[in-house]
Amino acid sequence: MTFNVTVLPSGVTFEVDRDEPVLAAAIEQGIGLPYGCKDGACGSCKCRLVEGRVIHGAHQAKALSAEEEAAGMVLTCVAAPQTALVLDNLKAVLASNGMTMDNIVSTSVFLKDLNDFAKMNTVYATYFKVAPPARATVEVARLPRDVKVEISAIAVR
Ligand code: FES
């Protein structure tokens with residue numbers, strides 16, 4: 001059985017087998033997720049689980065504590081999906097560096113079709129409820145893996 005995994009805020013999706021670690025499937029399919037050790041030891045692959053359920057394989061508490069797991073964080077390198085998943089990558093990357101969305105000072109949004117601006121903006125607004133950062137939005141001919149949107153962000157402490 002396979003499950004769909006959606007990564008926010010880009011919205012990129014890919015499929016993962018029930019017993020396959022999410023990160024391994026992402027790498028195999030050319031999906032850019034952060035990682036370091038690929039073995040549950042470093043915490044670099046930590047994401048927030050927005051929807052769905054995973055089973056974690058062996059990992060170190062310094063990479064993912066019981067409190068973090070209870071709060072909905074997952075280590076994609078040792079997490080196997082049990083349902084379709086929605087993962088929030090951006091907030092997790094910021095959190096692992098002691099920052100929040102409030103530390104973002106600038107974003108660049110790349111859309112395959114500028115007609116999707118309103119849809120993208122609806123989701124985007126849920127990330128920046130107060131004082132959104134400066135943003136540039138452009139339409140591009142093609143994005144990696146033919147995704148519809150890619151967003152880069154600059155955060156400052
Ligand atoms: S990549 Fe190191 S804990 Fe997942």
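These legends accompany several views of a predicted protein model.

**View 1. The whole chain, from end to end.** Welcome to the predicted model. The protein chain carries four helices and ten strands. Read from the N terminus, the elements follow the order β-β-α-β-β-α-β-β-β-α-β-α-β-β. With a radius of gyration of 16 Å, close to the 15 Å that the globule rule gives for 157 residues, the protein chain is as compact as a globular protein of that length. Its C-alpha trace spans about 40 × 35 × 25 Å along the principal axes. Of the 157 residues, 26% count as buried. Among contacts with a separation of 6 or more, 68% join residues that are 24 or more positions apart.

**View 2. Two domains and the place where they touch.** Here the protein chain is shown split into domain 1, residues 2-95, and domain 2, residues 101-155. Their C-alpha centres are 22 Å apart. Across the boundary, nine residues of domain 1 are in contact with twelve residues of domain 2. If you look at the side that domain 1 contributes, helix α3 (residues 89-96) supplies the largest share, with three residues. By residue type, that side of domain 1 holds five nonpolar residues, three polar ones and one charged.

**View 3. Lys 46 and its surroundings.** This close-up turns to Lys 46, which is found in strand β3, residues 46-51. Is Lys 46 buried or exposed? Lys 46 has 21 other C-beta atoms within 10 Å, and since 20 or more are enough to count as buried, Lys 46 is buried. Beyond its neighbours within four places in sequence, the contacts of Lys 46 are Leu 64, Met 73, Leu 75, Ala 92 and Ser 96. For a sense of scale, find His 59 as well: Lys 46 and His 59 are 13 residues apart in sequence, and their C-alpha atoms are 12 Å apart in space.

**View 4. An open sheet of three strands.** Follow the strands across this sheet and you meet them in the order β9-β8-β10, with mixed pairing. Why do β9 and β10 each have one side without a neighbour in the sheet? Both β9 (134-139) and β10 (149-155) stand at the edges, each with a single partner strand, so one side of each is left without a neighbour there. Direction ignored, neighbouring strands of this sheet are turned by 15° against each other on average.

**View 5. Strand β8 and its two pairings.** Strands of a sheet pair through backbone hydrogen bonds, either parallel or antiparallel. Strand β8, residues 104-111, pairs with β10 in the antiparallel sense over seven bridges. To trace this pairing residue by residue, start at Phe 110, whose bridge partner in β10 is Glu 150. Then move to Thr 107, whose bridge partner in β10 is Ala 153. With β9, strand β8 pairs in the parallel sense, over six bridges. A good residue to pick out here is Val 109, which has Thr 137 as its bridge partner in β9.

Note on methods:
Residues are numbered from 1 along each chain as its sequence is written. This is a predicted model: local features need pLDDT of at least 70, side-chain atom pairs count only at pLDDT 80 or more; totals for chains, interfaces and linings use all residues. Domain bounds come from an automatic or database domain assignment. Two residues are in contact if their C-beta atoms, placed from the backbone, lie within 7 Å. Ala, Val, Leu, Ile, Met, Phe, Trp, Tyr, Cys and Pro count as nonpolar, Asp, Glu, Lys and Arg as charged, and the others, Gly among them, as polar. The radius of gyration is taken over C-alpha atoms; the globule rule is 2.2 Å times the number of residues to the power 0.38. A residue is buried if 20 or more other C-beta atoms lie within 10 Å of its own, exposed if 12 or fewer, and partly exposed in between; C-beta atoms are placed from the backbone. Two strands pair if DSSP finds at least two bridges between them. Axes are lines fitted to C-alpha atoms, for helices over the stretch in contact, and angles run from 0 to 180 degrees between N-to-C directions.
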